[in-house]
Amino acid sequence: MKNMIHKTYLLLIFIILISITIITYGCFNYLWTTNNNYYWIMWWYNLENQNTLDFSNSKFTNKLYIPKILTPITESWWIEKYSIKVQSWETEFFNWIKTRTLGYNWSFLGPTIRVKEWQKISFDIKNNLDQPTTVHWHWVHTPSEYDWGVFNPIKPWETFKPNFEIKQVAWTFWYHPHSMWNTATQAYSWLAWLFIIDDDKSEKLEIPKNYWVDDIPLVIQDKNFDNNWQLVYSNNMHSVINWMYGNTIMVNWSLTPYQEVTKWVIRFRLLNWSNARTYNFKLSNNQEFYEIATDWWFVEKPVKLNSIRLSPWERAEILIDFSNYKIGDNVVLQSNFDENLNIIEFRVTKEANKKYIIPKSLVSIDWLDPNSSIKERTFNLQTMERWMMWNLLTINWKNMYINRVDEKIKLWSTEIWTIKNIPGFWMNVWHSFHIHDMQFQILSRNWNPPDDSEKWWKDTVFLNVWDNVKIIIKFTDYTWKYMYHCHILEHEDNWMMWVFEIIK
Ligand code: C2O
Ligand code: CU
Ligand code: CU
């Protein structure tokens, strides 16, 4: 009898434990898949229910949209003041259909911020969303309190007023949201745009610099739309670990776009603003083009390439020579990374009135000396299969914890970092590693010197499965806390991110 009671108790406890596990697992799953989602973005959406644009599509029907340059609200010789409102809106997108969008000052994207080295600028940034956001200047070298990563969320309806001096050379940056857990959905809903810096050198270089005419941003994104042309963000386990792949490509704000060009050399600022997709850009006729800048500043001399690979949020400027084309000719920018995509068509429509010669050299770069490094660190970007309820996307087995400092770094020191992609058992994902505050140079990729396309200054680097990349980096000017993380937005939002602190 006693034995019987004992067994019944054991069974009961067993059943209770099992139910607690199942319930916890269910709750976790539910929270996990929904807490990132903006309320109007559906999750776990039936994929068959979506509008798909054919990737092999060869009709280019929309003129490329290029945003305007932001004008300061007040301007004096010593400071320029800008105002930015972060807002949620509806935009008419496909004839008569209103799509819900987020935007800076407008209903989608934002204006191009364009400033010069050494200029002092200040912003009034008002958050008109019903959730926290930040505006991170990827990658502008700013004091930590204005870098605006996860540490300084702007609450709904609050205004934040950073002001800083542009202490860096020319190049194309972005501003984009960066608060914990909702970076991916906010950025995906069109919240991000360009921040261009000029300097004395860049103004003197013999390169095309007429924004809209021969200096054209090409910001490439992928989206999923449902039958009503609303955005679909599926943040289920698969897209989190693997990635969120859209079934539709957009350039700036245009679908199936074309751009008219002169029979001249045109400069394109290429930016991969996709949550997770990597591209390998090439021209449909395999024509060569010239890379003149990477993530950060110019290359020493234009690099002749057939194709260029850009992982999420990497950037490059290229020159394409159209002078041998005839009026009426066209060529398509494509991508062939692990699939074939058509991105945009260039149509040659105008004679040029002068000749352009690709410059022999651009700038000279200060190469960081590996012997000056005082410390080496290794970061394993680790993917573990989702086992029970934990989804592990870690750096050295640790996830982001906002109140923990993972690495302390001495101001003005140089370090060598090794970044490795360690895939899971069956999840082979690649990563895109980005560091705030300081730019770096690649010393080696898989023990070989880096390719000509990426051996210059960088702030984001691609890591294929099992890749081993060594970089060298020097920490200057500012102290306090910054982050580094995978820039695949689903990975970043799921804490594949660490905090470093620069100390005196
Ligand atoms: Cu594009 Cu942490 O940033
Ligand atoms: Cu950044
Ligand atoms: Cu990643």
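Start by selecting strand β11 (residues 171-176), where six of the six residues are buried, so the strand is largely enclosed by the rest of the structure. Here a residue counts as buried if 20 or more other C-beta atoms lie within 10 Å of its own, as exposed if 12 or fewer do, and as partly exposed in between, with the C-beta atoms placed from the backbone. Strands (E, at least two residues) and helices (H or I, at least four) are DSSP runs, numbered from the N terminus. What you are viewing is a predicted model, in which local features need pLDDT of at least 70 and side-chain atom pairs count only at pLDDT 80 or more, while totals for chains, interfaces and linings use all residues. Residues are numbered from 1 along each chain as its sequence is written, and chains are lettered from A and ligands numbered from 1 in the order in which they are written.

Now show the side chains of β11: W171, F173 and Y175 point one way, T172, W174 and H176 point the other way, and all are buried. Add strand β8 (residues 136-138), which pairs with β11 in the antiparallel sense over three bridges, and find H136, whose bridge partner in β11 is H176. Two strands are said to pair if DSSP finds at least two bridges between them. Then add strand β12 (residues 193-198), which is joined to β11 by five bridges, again in the antiparallel sense; within β12, W193 is the bridge partner of Y175.

Next, turn to the sheets. Strands of a sheet pair through backbone hydrogen bonds, either parallel or antiparallel. One open sheet has six strands in the order β2-β17-β25-β24-β19-β22, with mixed pairing. Its edge strands are β2 (62-63) and β22 (307-310), each of which pairs on one side only. If you select strand β19 (residues 279-283) together with β22, you will find two antiparallel strands joined by four bridges, with K282 opposite S307 of β22.

Another open sheet, of seven strands, follows the order β16-β15-β13-β18-β23-β20-β21, and its pairing is also mixed. At its edges are β16 (254-255) and β21 (298-305), each pairing on one side only. Strand β20 (residues 289-293) runs antiparallel to β21 and is joined to it by four bridges, and A293 stands opposite F298 of β21.

Which residues touch the most other members of the largest nonpolar core? Select F195, I220 and I471, which do so among its 118 residues. Domain 1 (62-204) and domain 2 (370-503) both give residues to this core, so it lies between them. A nonpolar core is a set of buried Ala, Val, Leu, Ile, Met, Phe, Trp, Tyr and Cys residues joined through C-beta atoms within 7 Å, and the domain bounds come from an automatic or database domain assignment. Around I471, leaving out residues up to four places away in sequence, look for W417, I419, F440, Q441, I442, L443 and V461, all of which I471 touches.

Finally, go to L411, in the loop between β28 (407-410) and β29 (414-422). L411 is partly exposed because 13 other C-beta atoms lie within 10 Å. Beyond its neighbours within four places in sequence, L411 is in contact (C-beta atoms, placed from the backbone, within 7 Å) with F475, T479, I502, I503 and K504. The C-alpha atoms of L411 and K504 are separated by 5.4 Å, although the two residues are 93 apart along the chain.

Technical notes: Contact = placed C-beta atoms within 7 Å.
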